[in-house]
Amino acid sequence: MTELSAHATARIPAPDGPAPAVPALRVIHEPGGIDLAAAEDAASRFLRSLGISTDSESLRGTPGRMARAYAELFSPRPFDLTTFPNDEGYDELVLARRIPVRSVCEHHLLPFVGTAHVGYLPGGRILGLSKLARVVEHFACRPQVQERLTKQVADWLQTQLEPKGVGVVIEAEHTCMTLRGVQAGGSSTMTSTMLGLLRTDARSRSEFLALTGATS
């Protein structure tokens, strides 16, 4: 569950009188409670069920480490969605490239890692650049599929920022594909979502894809 609450303020110029305060959104992911003790017990039983004893000194703490590791992977950090008025009327592409992505495949609970390129065409407001990476982390920190993750980031930015267009490209290596099954080492998966002008305007779309390197 994602909770959005008014927390900080930004200001939009008004033609008359003082500028009204615009609350920033406090973005919090609430997974419904984490029981580390229960997770550690389940991890211990899981390992024993696979014939792996945890009696040795080196493995004795492994169930607890497993529980804490997955709790960290599934717990994105809260952040404030800070925006600023687009006073200069900037209307060209804003793009953050090579944002690190780490997530866990919901089919096998094995990690997939890679990079995201996130861009938008500003409307009335612009976004603090670090928030593009925060949004990626927010949706990546849960069991995921890459296609959904790509669309969630784009849809959320379109809803919250109301830009003229949004583009998201993610390229990642899935260990459920490289370490097991087909064992296709070195392979990667690329997904994209385009909204607004980045979907409908061919020039804007081509510029975005060229800058991300998706067309090379």
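**A walk from an exposed loop to the core**

With a relative accessible area of 61%, E162 is exposed; here exposed means over 50%, buried means under 20% and partly exposed lies in between, using a 1.4 Å probe and protein chains only. E162 sits in the loop that joins helix 4 to strand 9. Its backbone deserves a look as well, since E162 has a positive phi of about 50° although it is not a glycine.

Before going further, a word on what you are looking at. This is a predicted model, in which local features need pLDDT of at least 70 and side-chain atom pairs count only at pLDDT 80 or more, while totals for chains, interfaces and linings use all residues. Residues are numbered from 1 along each chain as its sequence is written, and side-chain values use heavy atoms, with hydrogens and water left out.

Now the overall view. The protein chain contains 7 helices and 10 strands, where helices (H or I, at least four residues) and strands (E, at least two) are DSSP runs numbered from the N terminus. Of its 216 residues, 38% are buried. Among contacts with a separation of 6 or more, 65% join residues 24 or more positions apart; a contact means heavy atoms within 4.5 Å.

A good place to step inside is the pair formed by helix 3 (residues 130–140) and helix 4 (residues 146–161). Their axes come within 9 Å and cross at roughly 130°. These axes are lines fitted to C-alpha atoms, for helices over the stretch in contact, and the angles run from 0 to 180 degrees between N-to-C directions. Helix 3 and helix 4 are therefore oblique to each other, given that angles under 35 degrees count as roughly parallel, over 145 as roughly antiparallel, 65 to 115 as roughly perpendicular and the rest as oblique. Helix 3 brings L132, V135, V136, F139 and A140 to the contact, and helix 4 brings L149, Q152, V153, W156 and L157. By type, the residues of this contact are 9 nonpolar, 1 polar and no charged. In this grouping Ala, Val, Leu, Ile, Met, Phe, Trp, Tyr, Cys and Pro are nonpolar, Asp, Glu, Lys and Arg are charged, and the others, Gly among them, are polar.

From the helix pair we can move on to the core. In soluble globular proteins, nonpolar side chains tend to be buried together. Here the largest nonpolar core has 30 residues, and V118, V135, L149, V153 and L157 have the most contacts inside it. A nonpolar core is a set of buried Ala, Val, Leu, Ile, Met, Phe, Trp, Tyr and Cys residues joined through side-chain atoms within 4.5 Å. Two or more residues come from each of strand 3 (79–81), strand 5 (94–105), strand 6 (111–121), helix 3, helix 4 and strand 9 (165–174). Helix 4 gives the most, with 6 residues. To see how these elements meet, pick out V153: not counting residues up to four places away in sequence, V153 touches V118, V135, V136, F139 and V168. A second, separate core has 7 residues, including V169, L198, F208 and L209.

Helix 4 has another residue to visit, T150. At 1% relative accessibility, T150 counts as buried. Leaving aside neighbours within four places in sequence, T150 is in contact with V168, I170, T191, S192 and T193.

The loops also bring together residues that are apart in sequence. G128 lies in the loop between strand 7 (125–127) and helix 3, and with 14% relative accessibility it counts as buried. Beyond neighbours within four places in sequence, G128 contacts T82 and F84. G128 and T82 are 46 residues apart in sequence, yet their C-alpha atoms are 5.7 Å apart.

E92 offers a second example, in the loop between strand 4 (83–85) and strand 5. It counts as partly exposed, at 36% relative accessibility. E92 touches Y120, L121 and P122, not counting residues up to four places away in sequence. From E92 to P122 there are 30 residues in sequence and 7.3 Å in space, C-alpha to C-alpha.

Our last stop returns to a backbone feature. R98, in strand 5, has a phi near 55°, a positive value in a residue other than glycine. R98 is exposed, with a relative accessible area of 54%.
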